[in-house]
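Me: I have a new structure on my screen and would like to learn how to read it. Could you walk me through it step by step?

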Amino acid sequence: LNMTKIIIKYCRMKTLLTIFVLLFSYFAYAQERQNKISFFEIKILDNLNFYFFENEINKYYVTKPDLNAFAKNKKYSFLHINQSSNIFEEDYDAIQVYYENKTNDIVYTSAIYENIANCSKIKKNVISDFESKYNVSNLQTGEDTTISSDGMKDVSKFYILDQYYIKFSCYFYTDGSTDLRIDQMTYEYNDWIVELWNTISQ
């Protein structure tokens, strides 16, 4: 009789445990779909898994990038997340998140408004909103204009931090289209990508 009671008790505990696991899985799934994140909540050098679920990483992982320098067996990989993903609070057309494969540490994030009119005005408004939300008074800032080898003009304002920088840029392409990009990038990754582009262009 005692053994029967023990078995019944064990079965009840196992059933309760199964229900708990199912409920936990349900709420975790619901949280994944309901909780959006802001672009600037993603901190450079944080771990990728702090912000994205494994199924999201697999879904948005870029398997065939324009440059073969990015792959799981290379130093860096990246995610390309479109607005339709419904992950981010903002209405960017796309967000890219680059990370080091060895550590999963985020080294570069980029938010993109594609093919917009009045980029300079919109950039000014985005910068104003950024400065109103974050304490940038003690950051070194600067402005820069560069022209790439293909003729694309980059007009930007940047903020310098200890381990990375934040840059707001209008990309004016030779075909007349314009993109607004907001970049956060470590200096190490910046040096790596500049060296890569110099090697390709030679």
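Reply: We will go from the overall layout to the sheet, then to a disulfide and a single serine. Keep in mind that this is a predicted model.

Me: Let's start with the overall layout. How many helices and strands does the chain have?

Reply: There are 4 helices and 7 strands. Following the sequence, you meet them in the pattern α-α-β-β-β-α-β-β-β-β-α.

Me: What share of the chain is buried?

Reply: Of the 202 residues in the chain, 39% are buried. The accessible surface comes to about 13,200 Å², and carbon and sulfur atoms account for 52% of it. You can also look at contacts along the chain: of those with a separation of 6 or more, 48% are between residues 24 or more positions apart.

Me: Now the strands. How should I read a sheet, and in what order do the strands lie here?

Reply: The general idea is that strands of a sheet pair through backbone hydrogen bonds, and the pairing may be parallel or antiparallel. Here 7 strands make an open sheet in the order S1-S2-S3-S7-S6-S5-S4, with antiparallel pairing. Strand S1 (76-82) and strand S4 (140-147) are at the edges; each has a single partner strand, so one side of each has no neighbour in the sheet. On average, neighbouring strands are turned by 15° against each other, ignoring direction.

Me: Which helix packs on this sheet?

Reply: That is helix H3 (residues 119-133), which touches strand S5 (153-160), strand S6 (164-172) and strand S7 (178-186). The direction of H3 makes about 160° with that of S6.

Me: Can we zoom in on some strand pairs? How many bridges join S4 to S5?

Reply: These two antiparallel strands are joined by 8 bridges. One pairing to find is Ile147 with its bridge partner Lys153 in S5. S4 and S5 form a hairpin with 5 residues between them, and in the turn Gly151 has a positive phi of about 95°.

Next along the chain, S5 and S6 are antiparallel too and are joined by 8 bridges. Their hairpin has 3 residues between the strands, and Ile160 stands opposite Tyr165 in S6.

On another part of the sheet, 6 bridges join the antiparallel strands S2 (residues 94-100) and S3 (residues 106-113). There, Ala94 stands opposite Ile112 in S3.

Me: I would like to look for disulfides. Which residues does a disulfide join here?

Reply: Searching the whole structure gives 1 disulfide. Cys119 and Cys170 are the partners, with an S to S distance of 2.1 Å. The pair links distant parts of the chain, since Cys119 is in helix H3 and Cys170 is in strand S6, 51 residues apart. Both Cys119 and Cys170 are buried.

Me: Why is the disulfide of Cys119 and Cys170 left-handed?

Reply: The clue is the torsion about the S-S bond: for Cys119 and Cys170 it is about -100°, so this disulfide is left-handed.

Me: One last residue, please. Is Ser177 buried or exposed?

Reply: To decide, compare the relative accessible area with the cut-off: buried means under 20%. Ser177 has 18%, so Ser177 is buried. You will find Ser177 in the loop between S6 and S7.

Me: What does Ser177 touch?

Reply: Leaving aside residues up to four places away in sequence, Ser177 touches Asn115, Tyr171 and Phe172. The side chain of Ser177 also makes a polar contact with the side chain of Asp175, at 2.7 Å.

Note on methods:
Residues numbered from 1 in each chain as written. Predicted model: local features only at pLDDT ≥ 70, side-chain atom pairs only at ≥ 80, totals over all residues. Heavy atoms only, no water. Pairing = 2+ DSSP bridges. Axes fitted to C-alpha atoms, helices over the stretch in contact; angles between N-to-C directions. Contact = heavy atoms within 4.5 Å. Buried < 20%, exposed > 50% of the residue type's maximum accessible area, 1.4 Å probe, protein only. Areas by Shrake-Rupley, 256 points an atom, 1.4 Å probe, with all protein chains shown as cover. Polar contact = N/O pair within 3.5 Å; in protein donor to acceptor, adjacent residues only side chain to side chain. Disulfide = S-S within 2.5 Å.
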